[in-house]
Amino acid sequence: MGYQASYRASIDDPATFWAEAAQGIDWYQPWQRVLDERNAPFYRWFTGASLNTCYNAVDRHVTNGRGAQAALIYDSPVTGTQRTFSYAELLDEVARLAGVLRGLGVGQGDRVLIYMPMVPEAVFAMLACARIGAVHSVVFGGFAAKELATRIDDATPKLILSASCGIEVNRVIPYKPLLDDAIAQAQHKPAQTLILQRAQAEATLQPGRDLDWQGALAQAEPVACVPVAATDPLYILYTSGTTGLPKGVVRDNGGHAVAMHWSMRHVYGMQPGEVYWAASDIGWVVGHSYIVYGPLLNGNTTLLYEGKPVGTPDPGAFWRVIAEHKVAVLFTAPTAFRAIKKEDPQGDYLKRYDISSLRALFLAGERCDPDTLAWAEQLLQVPVVDHWWQTETAWAIAANCLGIEPLPVKAGSPTCAVPGYQVEVLDDAGAPVPDGSIGRIMLKLPLPPGCLPTLWQDDQRFVDAYLSAQPGYYLTGDAGYRDADGYLWVMSRIDDIINVAGHRLSTGAIEEVIASHPAVAECAVIGVADALKGELPIGLIVTKSGVELPPEQIVAETIQLVRDKIGAFCVYKHASVVARLPKTRSGKVLRGTMKKIADGQAYQVPATIDDAAALGEIGAALGAMGYGLPDE
Ligand code: COA
Ligand code: AMP
């Protein structure tokens with residue numbers, strides 16, 4: 001079946017389409033309804049069915065003869081370690097860790113928070129939770145204590161799994177002090193933590209609360225998979241909202257397993273047994289979907305890479321990994337390729353390796369600029385696919401589905417809607433815009449399997465944030481257009497979300513942290529274009545009257561505050577103290593106009609501006625920081 005036929009089948013008769021896709025998953029009990037519309041707009045998939053995601057990702061491959069095949073390859077240039085786990089070994093690790101969790105009183109539906117670096121035990125932990133029906137919530141290791149505390153309070157985990165440290169290139173980052181601080185800040189106090197000691201920095205354990213991972217594992221008995229309802233939550237993954245309070249995206253078991261398995265075959269064109277590498281972090285959705293669940297559900301070998309595209313040790317790192325492990329498909333963020341291009345523009349490092357195993361490169365996390373796409377295509381001589389999705393969906397909304405029918409590439413576009421997604425571009429009144437006109441990109445309900453059914457314990461916020469802009473539609477938060485050939489062009493966000501090196505950040509959340517500085521009266525954070533990281537946040541700060549601290553000190557202190565409260569991965573390094581912020585007469589800060597000035601783009605002074613001179617002052621401040629044109 002070609003792309004058009006597959007797409008039409010998925011929209012005309014979703015129940016038949018997804019029931020067929022569900023044959024790729026082993027179920028304990030069949031479903032009563034494929035698509036359950038009884039409680040719309042809270043649609044559910046595969047109601048009545050039961051399964052276990054860990055069984056499908058691990059056990060069944062051992063039963064079906066893949067026991068000796070590599071399931072997980074851990075490649076860690078930062079520690080100089082490589083380890084391979086066969087499916088049989090993975091099963092043993094996961095079943096025993098599940099035994100530890102069970103022994104600590106973790107049961108079905110209990111939350112377990114995982115705050116870990118890119119080590120195999122983090123993957124075992126996710127699967128062990130799935131095995132016993134516990135709900136994991138992985139928090140990216142780069143988050144600071146306050147962000148971790150917020151997530152502890154929202155997910156109220158019974159247990160936290162962590163490690164003594166992470167490693168950033170050659171810098172050891174102790175995790176335990178961050179974890180201790182987070183637990184101290186949180187209202188909810190988990191009874192127990194399980195700490196993996198790494199040789200680079202041993203953690204001090206608090207007797208009675210902190211347990212040693214290896215010690216606990218040595219005494220554990222393996223436990224079997226428990227059947228869970230298809231609609232039961234598998235995990236919660238927090239993502240940036242428009243306020244400092246992150247959104248707890250919920251993932252179910254059944255729809256997710258079906259979508260992951262289907263996407264591995266049809267989006268990425270992966271056959272069981274092949275090696276798949278998502279160079280991301282398990283703390284992000286790409287890591288959940290395509291380091292852990294997708295490849296394992298499909299019987300692939302997945303790669304867990306603890307390193308960077310450059311600096312570990314050089315810009316040939318990706319080519320080494322592809323060559324050594326015979327990677328068939330690589331998935332990463334465009335920023336990683338820009339980083340490699342910056343250090344090795346001619347691709348000289350590639351000449352040292354045989355990467356003939358590589359069939360395709362997939363990019364996501366931010367729009368892939370045509371220059372990066374062309375550079376990657378020319379260098380690798382394989383299809384390069386930009387595909388568009390978000391934490392909420394768990395898998396691609398628009399892509400060139402290599403496993404169905406490769407379509408002609410248009411640089412700058414993530415190609416067409418993936419089967420299952422009804423993508424429409426609407427104006428503010430909810431009417432479809434003509435082809436080629438920019439509008440809000442919306443998804444007509446129901447969303448396909450795998451997408452979020454709700455936010456963790458907050459149905460109302462789910463409705464308010466995503467479903468209320470236009471009844472019957474899901475608001476993606478992205479703006480763009482569709483061209484006459486049906487290709488989508490995803491150009492910008494309509495909210496205050498920015499993308500820094502493929503990491504999703506809320507400028508509102510950064511503003512909240514800056515505003516907590518006692519000298520700050522108000523501030524605005526805008527995402528400015530950056531050649532390497534896509535966007536960078538910069539701050540414009542107005543101090544309270546009477547403040548006598550030098551502006552440089554306020555700038556330095558607020559930069560440190562953002563590092564301490566959110567994390568260094570925000571890359572918030574530039575700010576300026578200004579006399580006032582440009583606003584409309586109703587008091588709305590003109591962030592969009594400031595961004596245009598910073599990016600050196602043409603802009604119009606809004607008719608509703610309160611004080612036009614303020615814009616000129618902002619232009620000068622941005623110019624002094626090296627952005628835009630100072631005299632605009
Ligand atoms: N724990 C602690 N700190 C972390 C961290 C983690 N897990 N991840 C990043 N940081 C810190 C870095 O050490 C750095 O700190 P510094 O300001 O003290 O130097 C800061 O956050 C910024 O990190 P990063 O964005 O990784 O910048 P970089 O300059 O080290 O590397 C890239 C640039 C492009 C190579 C890197 O951003 C990258 O690999 N991006 C791909 C991202 C990705 O895969 N996203 C997932 C979507 S697919
Ligand atoms: P995240 O939830 O972190 O995956 O971020 C999702 C957001 O990143 C999307 O809503 C888009 O704004 C942006 N994004 C991700 N992939 C792409 C892409 N291929 N093209 C354009 N924007 C993208």
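The exercises below, each with a worked solution, concern a predicted model.

**Exercise 1.** Find how many disulfides the whole structure has, and work out where Cys368 stands in this respect.

*Solution.* Step 1: a disulfide calls for two cysteine sulfur atoms within 2.5 Å. Step 2: for Cys368, the closest cysteine sulfur belongs to Cys416, and the separation is 17 Å. Step 3: that is too far for a bond, so Cys368 is not paired with Cys416. Step 4: a search of the whole structure gives a count of zero disulfides.

**Exercise 2.** Decide whether Cys165 is buried or exposed, and do the same for Cys368.

*Solution.* Step 1: the cut-off for buried is a relative accessible area under 20%. Step 2: Cys165 has a value of 0%, so Cys165 is buried. Step 3: Cys368 has a value of 1%, so Cys368 is buried.

**Exercise 3.** Describe the surroundings of ligand 2: which residues are closest, and how much of the ligand does the protein bury?

*Solution.* Step 1: the shell holds 14 residues, and the closest are Asp386, Thr391, Asp478, Arg493 and Arg504. Step 2: sorted by class, this shell around ligand 2 comprises six charged, five polar and three nonpolar residues. Step 3: look at polar side-chain atoms facing oxygen atoms of ligand 2. Thr391 places one at 2.5 Å, Gln390 has one at 2.9 Å, and Asn499 has one at 3.1 Å. Step 4: ligand 2 taken alone exposes 490 Å², of which the protein buries 93%.

**Exercise 4.** Describe the surroundings of ligand 1: which residues are closest, and which elements give two or more residues to the shell?

*Solution.* Step 1: ligand 1 is surrounded by 24 residues, with Glu168, Arg171, Lys308, Lys533 and Arg563 the closest. Step 2: the class count for this shell around ligand 1 is twelve nonpolar, six polar and six charged. Step 3: check the side-chain contacts to oxygen atoms of ligand 1. An N or O atom in the side chain of Lys308 is 2.5 Å from such an oxygen. For Arg171, the distance from a side-chain N or O atom is 2.7 Å, and a polar side-chain atom of Glu168 also lies 2.7 Å from an oxygen of the ligand. Step 4: on its own, ligand 1 has 950 Å² of accessible area, and the protein covers 81% of this. Step 5: strand S10 (171–174) and helix H12 (334–343) are the elements that give two or more residues to the shell around ligand 1.

**Exercise 5.** State which domains each supply at least three residues to the shell around ligand 1.

*Solution.* Domain 1 (3–307 + 387–420) and domain 2 (501–624) each do so.

Notes. Residues numbered from 1 in each chain as written. Chains lettered and ligands numbered in written order. Predicted model: local features only at pLDDT ≥ 70, side-chain atom pairs only at ≥ 80, totals over all residues. Heavy atoms only, no water. Buried < 20%, exposed > 50% of the residue type's maximum accessible area, 1.4 Å probe, protein only. Near = heavy atom within 4 Å. Polar contact = N/O pair within 3.5 Å; in protein donor to acceptor, adjacent residues only side chain to side chain. Areas by Shrake-Rupley, 256 points an atom, 1.4 Å probe, with all protein chains shown as cover. Nonpolar A, V, L, I, M, F, W, Y, C, P; charged D, E, K, R; others polar. Helix = DSSP H or I, 4+ residues; strand = E, 2+ residues; numbered from the N terminus. Domains from an automatic or database assignment.
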